[in-house]
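Got the viewer open? Here is a short tour, one selection at a time.

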Amino acid sequence: MSERYIGLMSGTSLDGIDAVLVTMDGEALRVEAALCHPWPAETARELHALCTPGDNEIDRMGVADNLVAREFAAATQALLAKAGLKPADISAIGSHGQTIRHRPQLGFTLQIGNAALLAALTGIDVIADFRTLDMALGGQGAPLVPAFHQAIFAKPGALRVVLNLGGIANISVLPGHADGGSGSGVYGFDTGPANTLLDGWYRRHHPMGGDYDAGGRWAAGGRLVPDLLDRMLAHPYFAAPHPKSTGREMFTLAWLDGELAGRAYAPMDVQRTLQALTCHSIARQLPVLEPDATGALFICGGGAHNAPLLAELAALLPRWRLASTAELGIAPDWVEGAAFAWLAMRFIQRKPGNLPAVTGASRPAVLGALYPA
């Protein structure tokens, strides 16, 4: 019997709320409808500000918690209208919420988006708070998507890697072993910044010109600064072993400003070099299982639309075939939203949602908490 779930996801780039309606029939998943709900400009500014430590954070977070829930509810209602469905047609919403802190080294992660209010506004049961149990079990709480990638994208006998180019880039390595769905041999981790620094640097220099470098056109007009790239790649995170995860708290504009201190670079050249940082950090960490290992690298996330970035990545990985996750049945914009719909289904079925080899948790666990409508 098929069931419908909605996944709601807003990443570190704050480029919109992805709302994805999926139909689950056994282990088969199909995206039935999807949309991106834009953040109101004032709300986006407040969320960006909350991602950096500041004054009066508790009151501001409490207000933002409800604002996020209301926007998530609006995204859900728009998605239901687009699909011609009612709340009663949906088994549950899987809500990631909005991350405003991710501090695995301190043992906590924080996503806001009042799940009780979201359930009340939509009339649909909400599963949220997916990350904290994994952290309670000694894990990083991230990345969670490799378990979904394994379930939906893995192919027996074929090495596949899924690369999500969101605010932070993460990879899932799917060896293609016959493991009965256990995920053995699968691993993944955050490789470092993808769009978070690119977007932040663009906004600083284009205060009236949008939130991101559309199509990577501004970066494409710049020149690579090799010494700046080398300094940034010396960040210890890139050489750290996995399991590991990171966030915009580590790769901030303040960190970038420190790398730029005392040096005069054209802003466009810095943008070009930040693109190279994304590509080189991925290429250096993409595991080579054997000296002649090769496979398919399937791209999702907002960076999937950045042609210059993808061309640079392809040049650094000549043995790998780069493709879109659309080839595997889910358009690149909707993979993460679909993953949280899948995680809601796993919660309802009382099945684990994490892979300990990925997050570092001591055991598999059913992730999330229920907020009934």
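Start with leucine 367, which counts as buried at 1% relative accessibility. Keep in mind as you go that this is a predicted model. Leucine 367 sits in the loop between α14 (356-359) and β12 (369-371). Show what surrounds it: setting aside neighbours within four places in sequence, leucine 367 is in contact with Ile127, Phe130, Leu133, Asp134, Leu144, Phe347, Gly353 and Asn354. For a sense of scale, draw a distance to tyrosine 212: the two C-alpha atoms are 33 Å apart, and the residues are 155 apart in sequence.

**Helix α2**

Next, select residues 57-83, which make up helix α2. How far apart are its end C-alpha atoms? They are 38 Å apart, and that agrees with the 39 Å that 27 residues should span at 1.5 Å a residue. Now colour the buried positions in α2: Arg60, Ala64, Val68, Ala69, Glu71, Phe72, Ala73, Ala75, Thr76, Leu79 and Leu80. Some spacings in that list may catch your eye, and there is a general point to remember here: an α-helix has 3.6 residues a turn, so residues three or four places apart point the same way. Step off the end of the helix and you land on glycine 84, which follows α2 and has a positive phi, near 70 degrees.

Go back to glutamate 57, and show arginine 101 as well. Their side chains meet in a salt bridge, 2.6 Å from N to O. This pair ties together distant parts of the chain, with glutamate 57 in helix α2 and arginine 101 in strand β4 (residues 92-103), 44 residues apart. Which of the two partners is buried? That's arginine 101, with a relative accessible area of 10%, while glutamate 57 is partly exposed at 27%.

**More salt bridges**

The model has 10 salt bridges in total, so let's look at a couple more. Select aspartate 227 and arginine 231, whose side chains meet at 2.9 Å, N to O. Both are in helix α8 (residues 226-233), and because they are 4 residues apart, about one helical turn separates them. Aspartate 227 is partly exposed, with a relative accessible area of 37%, and arginine 231 also counts as partly exposed, at 21%. Add Glu259 to the selection and you have a network of salt bridges linking Asp227, Arg231 and Glu259.

Then jump to arginine 321, which forms a salt bridge with glutamate 327; their closest N and O atoms are 2.8 Å apart. Arginine 321 is partly exposed at 43% relative accessible area, and glutamate 327 is partly exposed at 48%.

**A helix crossing**

Now show helix α11 (residues 267-285) together with helix α12 (residues 307-316). Their axes come within 9 Å and cross at roughly 40 degrees, so α11 and α12 are oblique to each other. Rotate the view to check the hand of the crossing, which is right-handed. At the contact, Arg272, Gln275, Ala276, Thr278, Cys279, His280, Ile282 and Ala283 from α11 meet Pro308, Leu309, Glu312, Leu313 and Leu316 from α12.

**Last stop**

Finish at histidine 48, in helix α1 (residues 41-50). Is histidine 48 buried or exposed? Buried: the relative accessibility of histidine 48 is 18%, against a cut-off of under 20%. Leaving out residues up to four places away in sequence, histidine 48 touches Ser13, Leu14, Arg203 and Arg248.

Note on methods. Residues numbered from 1 in each chain as written. Predicted model: local features only at pLDDT ≥ 70, side-chain atom pairs only at ≥ 80, totals over all residues. Heavy atoms only, no water. Helix = DSSP H or I, 4+ residues; strand = E, 2+ residues; numbered from the N terminus. Expected span 1.5 Å × (residues − 1). Buried < 20%, exposed > 50% of the residue type's maximum accessible area, 1.4 Å probe, protein only. Salt bridge = Lys/Arg side-chain N within 4 Å of Asp/Glu carboxyl O. Axes fitted to C-alpha atoms, helices over the stretch in contact; angles between N-to-C directions. Parallel < 35°, antiparallel > 145°, perpendicular 65-115°, else oblique. Left-handed = near helix turned anticlockwise from the far one by under 90°. Contact = heavy atoms within 4.5 Å.
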